[in-house]
Amino acid sequence: QVRLVESGGGSVQAGGSLTLSCSYSGRIFNAHAMGWYRQAPGKQRELVASSFAKTAYADSVKGRSTISRDYAKDTVELQMNDLKPEDPAVYYCNIVPNPSYFGDPTIYGMEFWGKGTLVNVSS
């Protein structure tokens, strides 16, 4: 059974914080980098953070986000601080084929996704 289940989204005021959680199962995830993606209305899905041997972040969230992976629990979290008006999106977790590439992830042909968790930011 292969699954990706995201949780922890919600609506917060600008400048607030959220911790997003992802629970996954399946051998395919064990030997790969895992990360968080997001897709805002009218925009491409983008990688925002990855974790494997080391962590990496998109410029848009660098310095205010922290990704952490728990191999024993098969979870990966994304703590987001100082949320901004450009952060609202549906956030997804998944394999990261290339942790150094923060362009369009659709070039890798990834087809299996969870339903994501919605993040909203209010003024």
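These notebook entries record what I looked up in a predicted model of one structure.

**Entry 1. Aromatic rings**

I began with the aromatic residues, and a search of the whole structure returned four aromatic pairs. I examined the pair formed by Tyr92 and Trp113, whose ring centres are 5.8 Å apart. Their planes stand at 75°, so I entered the pair as edge-to-face, since planes over 60 degrees apart fall in that class. I then asked where the two residues lie along the chain. Tyr92 belongs to strand S9, residues 89–95, while Trp113 is in the loop between S9 and strand S10, residues 117–122. The two are 21 residues apart, and I noted that the pair links distant parts of the chain.

I also followed the ring pairs further, and they join Tyr37, Tyr92 and Trp113 into a cluster. For Tyr92 I looked up the relative accessible area, which is 10%, so this residue is buried.

**Entry 2. A charge over two of the rings**

Next I looked for charged groups above these rings. Arg45 lies over the face of Tyr92, at 4.0 Å from the ring centre. The charged end of Arg45 also sits over the ring of Trp113, and here the distance to the centre is 4.3 Å.

**Entry 3. Arg69**

I turned to Arg69, which I located in strand S7, residues 65–70. Which side chain of opposite charge is nearest to Arg69? I found that it is Asp74, at 6.3 Å. Arg69 is buried yet has no salt bridge; the distance to Asp74 can be set against the 4 Å cut-off for such a bridge.

I then checked backbone atoms around the side chain of Arg69. A polar atom of that side chain lies 2.8 Å from the backbone oxygen of Phe29. The backbone oxygen of His32 is 2.6 Å from a polar atom of the Arg69 side chain. Leaving aside residues up to four places away in sequence, I listed the residues that Arg69 touches, among them Tyr24, Asn30, Met34, Phe52 and Val76.

**Entry 4. Ile28**

I looked up Ile28 and placed it in the loop between strand S3, residues 18–25, and strand S4, residues 34–39. Its relative accessibility is 46%, so I recorded Ile28 as partly exposed. I also took the C-alpha to C-alpha distance from Ile28 to Val2, which is 8.4 Å, although 26 residues separate them in sequence.

**Entry 5. Salt bridges**

Side chains of opposite charge can pair when their charged atoms come close. I therefore searched for such pairs, and the structure holds five salt bridges.

One of them joins the side chains of Arg38 and Asp87, at 2.9 Å from N to O. Arg38 lies in strand S4 and Asp87 in the loop between strand S8, residues 75–80, and S9, so the pair ties together parts that are 49 residues apart in sequence. Are the partners buried or exposed? Arg38 is buried, with a relative accessible area of 4%, and Asp87 is buried as well, at 0%. I also noted that Arg38, Glu46, Arg64 and Asp87 are linked in a network of salt bridges.

A further bridge brings together the side chains of Asp59 and Lys62, at 3.3 Å from N to O. I found both Asp59 and Lys62 exposed.

Asp82 forms a salt bridge with Lys84, and their closest N and O atoms are 3.1 Å apart. Asp82 counts as partly exposed, at 37% relative accessibility, and Lys84 is likewise partly exposed, at 28%.

Key: Residues are numbered from 1 along each chain as its sequence is written. This is a predicted model: local features need pLDDT of at least 70, side-chain atom pairs count only at pLDDT 80 or more; totals for chains, interfaces and linings use all residues. Side-chain values use heavy atoms; hydrogens and water are left out. Rings of Phe, Tyr and Trp (its six-membered ring) pair if their centres lie within 6.5 Å; planes under 30 degrees apart count as stacked, over 60 as edge-to-face and the rest as tilted. Helices (H or I, at least four residues) and strands (E, at least two) are DSSP runs, numbered from the N terminus. Buried means under 20% relative accessible area, exposed over 50%, partly exposed in between (1.4 Å probe, protein chains only). A charge sits over a ring if NZ of Lys or CZ of Arg is within 6 Å of the ring centre and within 35 degrees of the ring normal. Lys and Arg count as positive and Asp and Glu as negative; His and the chain ends are not counted. A polar contact is a pair of N or O atoms within 3.5 Å; within protein, one must be able to donate a hydrogen and the other to accept it, and residues adjacent in sequence count only if both atoms are side-chain atoms. Contact means heavy atoms within 4.5 Å.
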